[in-house]
Amino acid sequence: MTEMMTSADRLQAYQAGQAVDRRPIMLFHGTVGAKLAGMTYRESEMTAENIAYKEITVAEKFAPDNYSVNFGLYGMGHALGSQFKASEDSSDAIVSYALDDLAGIDQLDVASLRLRNDPNQQKHYEAIEIIQKKLGPDYRIDYELSGPITSAASLYPPEQLLRATRKKTDQVHQLLRFATDALLQIIDDFAAANPSIGFSLTDPVASGALLSPKQYEKFCQPYTKEIVDRIHHYGKSVTLHICGDCTKSLPYIAGTGIDYFSADQTVDLQAAKAGLGPDCGLIGNIDPVKYFLQGQPEDLEAQVAQSYVQAADHEGGYLLGPGCSVPYHTPEENIQAYMEAARRYSRDDK
């Protein structure tokens, strides 16, 4: 039997197809982590110290294999003039957008999103350094970025953006080009400042509930692939999460070159294996509301066992995880039941 491994070594070895003590276990804890650390979600994102304390608390309480600092679904909008209404237990809501007309794209200043110019990124970078100093090299810390179309939707109203994919195609591509270039710049800045930082992507506006497979292929795949290629250039693997049922778009999602796709609970794991193919790993997808928030500990154990039965044989690799971020008010005993069951069922020699 393989000896106990560190989280970072486990992730690297599993990705390389090497022997591991157990499969890595994902816990998307950015929201509930605030509660575990004794803060509201808003408080947990206010300072570098609070962000770091949240991740360190989760590491000490539950020791999952994924840790990240979140640029934010609206991080680009924050830097470029979108206005927000604060929320205590979830992400802020946009009340006005940096762009009210796609004709104004040329007025956006990509330099505002350089690490040296963006106070939000500076806070995040400092948080990553605090986490790394506390947890050491045994843990990989990712900077979680929003995908291209979600970033674009933090600058221009998403409903109008989606309509424009049919009527103002050239301008949509112009905005996606801007968002992609800004994201590439962020990756370069963070990688240059701290080569040990990893990256992950989340792109809820790319959901199958909002975009058809052909729209995903046209407006998301090429830009996401550029970002994935840049992250791979720095020797890092890439996980992409998209909310909603993206089953019909999975071949195009896999075509971005990501290493793992994190599936929403609405995606059938058997269908996900088939849609992604053998070269893209799968993460997922226990319902965070039905089972983490509203379920009982025994429900979590049953779901863990069922998930491994359904997906452990995926040729591209399979990692257990929630279908999305675990809600703020989730009982701690449910998280504990999930982690205990996951550690048992994640051993291939169980």
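Which residues are exposed on the other side of helix α8? In this predicted model, they are Arg163, Arg166 and Lys167, and they can be set against the residues of the helix that are turned the opposite way. Within α8, which spans residues 158–167, Pro158, Leu161, Leu162, Ala164 and Thr165 are buried. Seen down the axis of α8, these buried residues fall within an arc of 155°, so they line one face of the helix. Their packing partners are three other helices, namely α7 (148–152), α9 (169–193) and α10 (213–219).

One of these partners, α7, contains proline 148, a residue that counts as buried because its relative accessible area is 1%, where the cut-off for burial is under 20%. When neighbours within four places in sequence are left aside, proline 148 is in contact with Leu176, Ala179, Thr180, Leu183, Asp203, Tyr223, Thr224 and Ile227. A further relation across the chain is given by leucine 175, which lies 27 residues from proline 148 in sequence, while the C-alpha atoms of the two are separated by 9.1 Å.

Among the contacts of proline 148 is Thr224, and this threonine has its place in helix α11, residues 221–233. Threonine 224 has a relative accessibility of 1% and therefore counts as buried. Apart from neighbours within four places in sequence, the residues that threonine 224 touches are Pro148, Leu201, Asp203, Tyr216 and Thr256. Asp203 thus appears in the contact list of proline 148 and in that of threonine 224.

From the helices the description can turn to the sheet, which is open and consists of seven strands in the order β1-β4-β5-β6-β7-β8-β9, with parallel pairing. Strands β1 (67–70) and β9 (318–322) stand at the edges and have a single partner strand each, so one side of each is left without a neighbour in the sheet. From one strand to the next, the twist averages 25°.

At the β9 edge, the partner can be followed residue by residue. Strand β8, residues 281–286, runs parallel to β9 and is joined to it by five bridges, and in this pairing glycine 284 stands opposite leucine 320 of β9.

Helices also lie across the strands. Helix α13, residues 269–276, lies across β7 (260–263), β8 and β9, and its direction is at about 160° to that of β8. Helix α6, residues 119–135, lies across β1 and β4 (141–146), where it runs at about 155° to β4.

Terms used
Residues numbered from 1 in each chain as written. Predicted model: local features only at pLDDT ≥ 70, side-chain atom pairs only at ≥ 80, totals over all residues. Heavy atoms only, no water. Buried < 20%, exposed > 50% of the residue type's maximum accessible area, 1.4 Å probe, protein only. Helix = DSSP H or I, 4+ residues; strand = E, 2+ residues; numbered from the N terminus. Arc of directions from axis to C-beta. Contact = heavy atoms within 4.5 Å. Pairing = 2+ DSSP bridges. Axes fitted to C-alpha atoms, helices over the stretch in contact; angles between N-to-C directions.
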